[in-house]
Amino acid sequence: SSHLGPFLSPCPPPAATMINARKKILKEKGAAPTDLEEEVAKALFDIEVTPSSDIKADVRDICISSAQEVEAKNRSAIVIHFPYRVWKNVRKIH
């Protein structure tokens, strides 16, 4: 029995979170996601499961196809690529 009561369950273990976050990555068949792509997917998943998030419904249908870190003027940025079919949802929360 959980100390959170009968209707609340504790946070899923990290392994379960990574499995669910992995569903946010759409790669070519057989291609393994990079560590950065897994981090981005986990961030999207965290937004999706946060009760107080205003954009969680919009994030639910978003997945990424790739993510890469780029250097520009001594700063680092992450470029995230989305499949075309989810672009409308991305634009809504951008």
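Mentor: A helix here is a DSSP run of H or I with at least four residues, and a strand is a run of E with at least two, numbered from the N terminus. The model is predicted. Asp35 is found in one such helix, α2.

Trainee: Is Asp35 buried or exposed?

Mentor: Exposed means over 50% relative accessible area. Asp35 has 62% relative accessibility, so Asp35 counts as exposed.

Trainee: How far apart in space are Asp35 and Ala67, C-alpha to C-alpha?

Mentor: In sequence, Asp35 and Ala67 are 32 residues apart. In space, their C-alpha to C-alpha separation is 9.5 Å.

Trainee: Which pattern does the protein follow along the sequence?

Mentor: The secondary structure comes to 4 helices and 2 strands. Read along the sequence, these give α-α-α-β-β-α.

Trainee: What share of the residues counts as buried?

Mentor: The cut-off for buried is under 20% relative accessible area. The protein has 94 residues. The share that counts as buried is 26%.

Trainee: What share of the accessible surface belongs to carbon and sulfur atoms?

Mentor: The accessible surface comes to about 7300 Å². The carbon and sulfur share of this surface is 56%.

Trainee: What share of the contacts with a separation of 6 or more comes from residues 24 or more positions apart?

Mentor: A contact needs heavy atoms within 4.5 Å. Take the contacts in the protein with a separation of 6 or more. Residues 24 or more positions apart account for 44%.

Trainee: Which element gives the largest share of the largest nonpolar core?

Mentor: This core has 14 residues, and Val40, Leu44, Ile64 and Ala67 touch the most other members. The largest share is 5 residues, and they come from α2.

Trainee: Is Ile64 buried or exposed?

Mentor: Ile64 lies in the loop between α3 (56-59) and β1 (66-72). Its relative accessible area is 0%, so Ile64 is buried.

Trainee: Which residues does Ile64 touch, not counting residues up to four places away in sequence?

Mentor: Start with Glu37, 27 residues from Ile64 along the chain, with the C-alpha atoms 8.0 Å apart. Glu37 is one of the residues that Ile64 touches. The full set is Lys24, Ile25, Leu26, Glu37, Val40, Leu44, Ile80, His81, Phe82 and Pro83.

Trainee: Which residues does Ala67 touch, on that basis of not counting residues up to four places away in sequence?

Mentor: Val40 is one of the residues that Ala67 touches, and Val40 is also a member of the largest nonpolar core. The full set for Ala67 is Thr34, Leu36, Glu37, Val40, Ile78, Val79 and Ile80.

Trainee: What is the distance between the C-alpha atoms of Tyr84 and Ile64?

Mentor: Tyr84 sits in the loop between β2 (75-81) and α4. With a relative accessible area of 74%, Tyr84 is exposed. Tyr84 and Ile64 are 20 residues apart along the chain, and their C-alpha atoms are separated by 9.9 Å.

Trainee: What is the distance between the C-alpha atoms of Lys23 and Ile62?

Mentor: Lys23 is in the loop between α1 (14-22) and α2. At 64% relative accessibility, Lys23 counts as exposed. Lys23 and Ile62 are 39 residues apart along the chain, with their C-alpha atoms separated by 10.0 Å.

Trainee: What value is phi of Lys73 near?

Mentor: Lys73 is in the loop between β1 and β2. Lys73 is exposed, with a relative accessible area of 80%. Its phi is positive in a residue other than glycine, near 50 degrees.

Trainee: And what is the phi of Asn74?

Mentor: Asn74 also lies in the loop between β1 and β2. Asn74 is exposed at 81% relative accessible area. Asn74 is not a glycine, yet its phi is positive, about 60 degrees.

Trainee: Which element gives the largest share of the lining of the largest pocket?

Mentor: The largest pocket holds about 170 Å³ of space. Two elements give two or more residues to its lining, α2 (35-49) and α4 (87-93). The largest share is 3 residues, from α4.

Trainee: How many residues of that pocket lining are charged?

Mentor: The lining consists of Leu44, Ile47, Ile55, Val59, Ile62, Phe82, Trp87, Val90, Ile93 and His94. It divides into 9 nonpolar and 1 polar. The count of charged residues is none.

Conventions: Residues numbered from 1 in each chain as written. Predicted model: local features only at pLDDT ≥ 70, side-chain atom pairs only at ≥ 80, totals over all residues. Heavy atoms only, no water. Buried < 20%, exposed > 50% of the residue type's maximum accessible area, 1.4 Å probe, protein only. Areas by Shrake-Rupley, 256 points an atom, 1.4 Å probe, with all protein chains shown as cover. 1 Å grid on protein atoms, 1.4 Å probe; cavity = no way out; pocket = protein on both sides within 12 Å on 5 of 7 lines; lining within 4 Å. Points joined across faces, edges and corners; volume = space filled by probe spheres on them. Nonpolar A, V, L, I, M, F, W, Y, C, P; charged D, E, K, R; others polar. Core = buried A, V, L, I, M, F, W, Y, C linked by side-chain atoms within 4.5 Å.
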